[in-house]
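Me: I should be grateful for a close look at one part of this protein, namely its open sheet and the elements that surround it. Please set out how the strands are arranged and what packs against them.

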Amino acid sequence: MRSLISGQEFSEIPDIAVYDDVRDQWKTGYCAELQNAVRDGNFGPHHTEIVDYPKNDIAVRPLTRFSASDRLIYDAMVFEISAELDDFRNESVYSYRWNHRTHKPIFWKTSWTRMRREAKAELLRNWNYKAATLDVSSFYEHIDVGILSDDLSMVTQNEIAVKRIAEFLRKFQTINHAWGLPQGSDASGILANVYLAPVDEFLQRNAFPFFRYSDDILIFDEEWNTLRDALIEVNRICRSKRLSLSAHKTGILDFPEVIQDLLSAQKSSIDQAVRHGDPEAERDVRSFFDNLIDADRVAATDLKFALNKLRVVGDDYAVGWCLKNLPYVAYASREIFAYFAACGYRQSTIQRDLEGFMRSKESTSYPYIEQRVLRHFVHQGIESEKMKSAAWDIMEDRNREEFPREFAVRYLGGMASASEAQLLRHKFESEASFAMRRALLIALYEAGKLSDRYLREVWYSLPELRWTCNYLAGNPKIPTS
């Protein structure tokens, strides 16, 4: 539960109330209800939304959005055996680590940074090294649940946990247009580590220095042919696990090419300058950003880096570019809106352009941006008739994904008149989706139009909303972050 709530700031699709109702009701029965569901075998996933979230300007990945109870049960079932899975992990694998002392996952950025640091140190020990780089195509989606279950049974003696996880994943695949592991949870990353263990064993037995983060692998050797043979064998192992290597991300690089990538000297220099308050840091970040956007194609990781550093130094230099190019860099929505929030003195410009985007026809193609825009307006407390109109359009369009509709409802709740609140109540009573009903109930509360009598009626009539009703009965201030 703590991991779920604290992870909302890093979530691509944050919850409208940061699951504050779950946190509030945890000790008064919510946790016990989940434990009983697992004991009785009455667990989900009961509600799943598959979101095509952007990886870059064209490609997407299927992000899984569970209900809070489904996500909590899935994570808990995996975390129960995570210590054993981490003990089984090869030392050259840095992805999705488990902290044995605190009993929770280690934040991904820490492990990713450490892997690159260790790979750079290994490479610098031998300037004759070449590097094979490889990546699995749609790795999570192509993990075979049956094979994974067998793998888990070889690692842990906890057969009940393995059966529960396998049953959950089978249901996940049966009732959704999805397969493999659900993306968006650290639990899936921990399971995925086990799936490529045969690759780790092959590389270690043949004394290859290698570094792996999930399906992203670096292998070092002095001989080109030796690395080619290793790639062919890794490909065979992957094929036996129903996986295939990505052709455009698999290759053999000479020393200068790979060291240039690992050193990232300019980014490292900028990072240090920003950390130490160097007066030249702002100029350096601007120069990095200018070179980035002048390239034929903007590199996603570099853009996120630049926006984070501009945010830290408090420079609004990229605000105009971000507003103009928002649809094309949707993969950086999280970083862009954190940057906007830090540029308070530019809010009038930001507000005007975001209103224009939301009133345009193209916004319907970018539900993740719509969600971020609405969350921004809720978080900043911005009252806007134009945004209100856009929010009504989104909320009433049942063909749209639920996650922007939920934030549209949250925004409307903060601005609703008495007659609009009556309409929101009508929408609540005619809505079939649990997630939307929860959002509408919260909206009625924030509109100040949720009577104690009506709250009791909802509590008795809709058992799935009882925890939210108990939460609202305590008159909370509902967070957005």
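Reply: The account below takes the sheet strand by strand, then turns to the helices packed on it, and ends with a group of helices later in the chain. The model is a predicted one.

The sheet is open and has four strands in the order S6-S7-S5-S8, with antiparallel pairing. Its edge strands are S6 and S8 (residues 251-253), each of which pairs on one side only. On average, and with direction ignored, neighbouring strands of this sheet are turned by 20 degrees against each other. In general, the strands of a sheet pair through backbone hydrogen bonds, in either a parallel or an antiparallel manner.

At one edge, strand S6 (residues 210-213) is joined to S7 by four bridges, and the two strands run antiparallel. One of the paired positions is Phe 211, whose bridge partner in S7 is Leu 218. S6 and S7 together form a hairpin with two residues between them. In the turn of this hairpin, Ser 214 has a positive phi of about 60 degrees.

Strand S7 (residues 216-221) is mostly covered, since five of its six residues are buried. S7 also pairs with strand S5 (residues 130-134), in the antiparallel sense and over five bridges. Here Leu 134 stands opposite Ile 217 of S7. S5 in turn pairs with S8, again in the antiparallel sense, over three bridges. Between S5 and S8, Ala 132 has Ile 252 of S8 as its bridge partner.

Two helices may now be added to this picture. Helix H9 packs on the sheet and touches S6 and S7, its direction making about 170 degrees with that of S6. Helix H10 likewise packs on the sheet, but touches S5, S7 and S8; the direction of H10 makes about 20 degrees with that of S5.

H9 spans residues 197-205, and its buried residues are Ala 197, Val 199, Asp 200, Phe 202 and Leu 203. The cover over these buried residues includes the strands S6 and S7 as well as helices H4 (82-88), H8 (186-195) and H10 (224-240). Just after H9, Ala 207 takes a positive phi of about 60 degrees.

Later in the chain, helix H22 (residues 434-446) meets two other helices. The axes of H22 and H20 (residues 402-415) come within 7 Å and cross at roughly 15 degrees. The angle is under 35 degrees, so H20 counts as roughly parallel to H22. H20 passes H22 in a right-handed crossing. On the H20 side, the residues in contact include Arg 405, Val 409 and Gly 413, while those of H22 include Met 436, Leu 440 and Ile 442. By class, this contact has seven nonpolar, one polar and five charged residues.

The axes of H21 (residues 418-430) and H22 come within 9 Å and cross at roughly 155 degrees. This angle is over 145 degrees, and H21 is therefore roughly antiparallel to H22. The crossing of H21 and H22 is left-handed. Among the residues that make the contact are Leu 424 and Phe 428 of H21, together with Leu 440, Leu 441 and Leu 444 of H22. By class, the contact of H21 with H22 has seven nonpolar, no polar and four charged residues. Leu 440 of H22 thus takes part in the contact with H20 and also in that with H21.

Definitions and conventions. Residues are numbered from 1 along each chain as its sequence is written. This is a predicted model: local features need pLDDT of at least 70, side-chain atom pairs count only at pLDDT 80 or more; totals for chains, interfaces and linings use all residues. Side-chain values use heavy atoms; hydrogens and water are left out. Axes are lines fitted to C-alpha atoms, for helices over the stretch in contact, and angles run from 0 to 180 degrees between N-to-C directions. Angles under 35 degrees count as roughly parallel, over 145 as roughly antiparallel, 65 to 115 as roughly perpendicular and the rest as oblique. A crossing is left-handed if the near helix is turned anticlockwise from the far one by less than a right angle, and right-handed if clockwise. Contact means heavy atoms within 4.5 Å. Ala, Val, Leu, Ile, Met, Phe, Trp, Tyr, Cys and Pro count as nonpolar, Asp, Glu, Lys and Arg as charged, and the others, Gly among them, as polar. Buried means under 20% relative accessible area, exposed over 50%, partly exposed in between (1.4 Å probe, protein chains only). Two strands pair if DSSP finds at least two bridges between them.
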